Amino acid sequence: MAAAGPVRTNWHPNMKHSEVERWICIYPAYINAKKTRQEGRRLPKENCVDNPTYVEIRDVLSVANLHFVVENKQYCREKSREVQFRGRVRVQLRNADGTLCNNEFATRESIMKHVASKIPQLKTRQNKPNEPQPQPQSSGAAAGSSGGGGGGGGGGKKGKGKRR
């Protein structure tokens, strides 16, 4: 039989650090370089990675020998409700007596920086091309058809006149 997951209870100040509710939360938006600070990014852009997922965060944490739990939660600042943007990871930072689980990771920022630095090294990231490269044939045709003045398509507002 599989081992049962941690039991969830409501938080109160007398909880031990080893209880799941005291573990830190990491949403993928915290380390997403494509998000702004207002959209939930917590680290500087140079320390972040493009569009991480909870699966990638989980993979990095499993290699780092940290205790974690994946939850099907959505970040409150996330605009999209699609499945790919869901998920958060809770990570145990301290033992029940308050000592650090891993001396390498003393703060939540240190864990987030570690995760963001290791995600680009994952095999799933290395196999994907970063950006689709434009084809030379299509770029020449597109440049010829999108000329500036004649024909349909372009132009600004017409027939509005001055506002008074």
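Rings of Phe, Tyr and Trp (its six-membered ring) pair if their centres lie within 6.5 Å, and planes over 60 degrees apart count as edge-to-face. The exercises below start from that rule. They concern a predicted model.

**Exercise 1. Trace the tyrosine cluster**

Task: Find which residues ring pairs link into a cluster, and classify the pairs.

Solution.

Step 1. Count the pairs. The rule gives 3 aromatic pairs.

Step 2. Take Tyr27 and Tyr30. Their ring centres are 5.6 Å apart and their planes meet at 70°, so this pair is edge-to-face.

Step 3. Take Tyr30 with Tyr75. The centres lie 5.4 Å apart, the planes stand at 85°, and this pair is edge-to-face. The pair links distant parts of the chain. Tyr30 sits in the loop between β1 and α1, while Tyr75 sits in the loop between β2 (68-71) and β3. They are 45 residues apart.

Step 4. Join the pairs. Tyr27, Tyr30 and Tyr75 form a cluster linked by ring pairs.

Step 5. Check burial. Buried means under 20% relative accessible area. Tyr27 has 10%, so Tyr27 is buried. Tyr30 has 6%, so Tyr30 is buried too. Tyr75 is also buried.

Step 6. Look for a charge over a ring. Arg42 lies over the face of Tyr30, at 4.0 Å from the ring centre.

**Exercise 2. Lay out the fold**

Task: List the helices and strands in order, then describe the protein as a whole.

Solution.

Step 1. Count the elements. The protein has 4 helices and 3 strands.

Step 2. Put them in sequence order. The pattern reads β-α-β-β-α-α-α.

Step 3. Ask how much is buried. Of the 164 residues in the protein, 30% are buried.

Step 4. Turn to the surface. The accessible surface is about 11,800 Å², and carbon and sulfur atoms hold 49% of that surface.

Step 5. Look at contacts along the chain. Take the contacts with a separation of 6 or more: 55% of them join residues 24 or more positions apart.

**Exercise 3. Build the core**

Task: Work out which elements supply the largest nonpolar core, and what α2 packs against.

Solution.

Step 1. Size the core. The largest nonpolar core has 26 residues. Among those with the most contacts inside this core are Ile31, Ile57, Val91 and Ile119.

Step 2. Name the contributors. Two or more residues come from each of β1 (24-26), α1 (54-63), β3 (88-91) and α2 (108-118).

Step 3. Find the main one. The largest share, 4 residues, comes from α2.

Step 4. Inspect α2. Its buried residues are Ile111, Met112, His114, Val115 and Ala116. The buried residues of α2 pack against β1, α1 and β3.

Step 5. Follow one core residue. Leaving out residues up to four places away in sequence, Ile119 touches Ile31, Val49, Pro52, Glu56, Ile57, Val60 and Arg125.

**Exercise 4. Compare three asparagines**

Task: Decide whether Asn32 is buried or exposed, then do likewise for Asn51 and Asn65.

Solution.

Step 1. Start with Asn32. Asn32 is in the loop between β1 and α1. Its relative accessible area is 7%, so Asn32 is buried.

Step 2. List its neighbours. Not counting residues up to four places away in sequence, Asn32 touches Arg41, Cys48, Val49, Asp50, Asn51 and Pro52. The side chain of Asn32 reaches the backbone nitrogen of Asn51 at 3.0 Å.

Step 3. Move to Asn51. Asn51 lies in the loop between β1 and α1. Its relative accessibility is 42%, so Asn51 counts as partly exposed.

Step 4. Finish with Asn65. Asn65 occupies the loop between α1 and β2. At 66% relative accessible area, Asn65 is exposed.

Step 5. Check the backbone. Most residues other than glycine have a negative phi. Asn51 has a positive phi of about 45° although it is not a glycine. Asn65 has a positive phi of about 60°, and it is not a glycine either.

**Exercise 5. Place Met15**

Task: Where is Met15 found, and how many residues separate Met15 from Ala96 in sequence?

Solution.

Step 1. Locate the residue. Met15 is in the segment before β1.

Step 2. Judge burial. The relative accessibility of Met15 is 4%, so Met15 counts as buried.

Step 3. Set sequence beside space. Met15 and Ala96 are 81 residues apart in sequence, with 9.0 Å from C-alpha to C-alpha.

How values were computed
Residues are numbered from 1 along each chain as its sequence is written. This is a predicted model: local features need pLDDT of at least 70, side-chain atom pairs count only at pLDDT 80 or more; totals for chains, interfaces and linings use all residues. Side-chain values use heavy atoms; hydrogens and water are left out. Buried means under 20% relative accessible area, exposed over 50%, partly exposed in between (1.4 Å probe, protein chains only). Contact means heavy atoms within 4.5 Å. Accessible areas come from the Shrake-Rupley method with a 1.4 Å probe; for residues, only the protein chains shown count as cover. A nonpolar core is a set of buried Ala, Val, Leu, Ile, Met, Phe, Trp, Tyr and Cys residues joined through side-chain atoms within 4.5 Å. Rings of Phe, Tyr and Trp (its six-membered ring) pair if their centres lie within 6.5 Å; planes under 30 degrees apart count as stacked, over 60 as edge-to-face and the rest as tilted. A charge sits over a ring if NZ of Lys or CZ of Arg is within 6 Å of the ring centre and within 35 degrees of the ring normal. A polar contact is a pair of N or O atoms within 3.5 Å; within protein, one must be able to donate a hydrogen and the other to accept it, and residues adjacent in sequence count only if both atoms are side-chain atoms.
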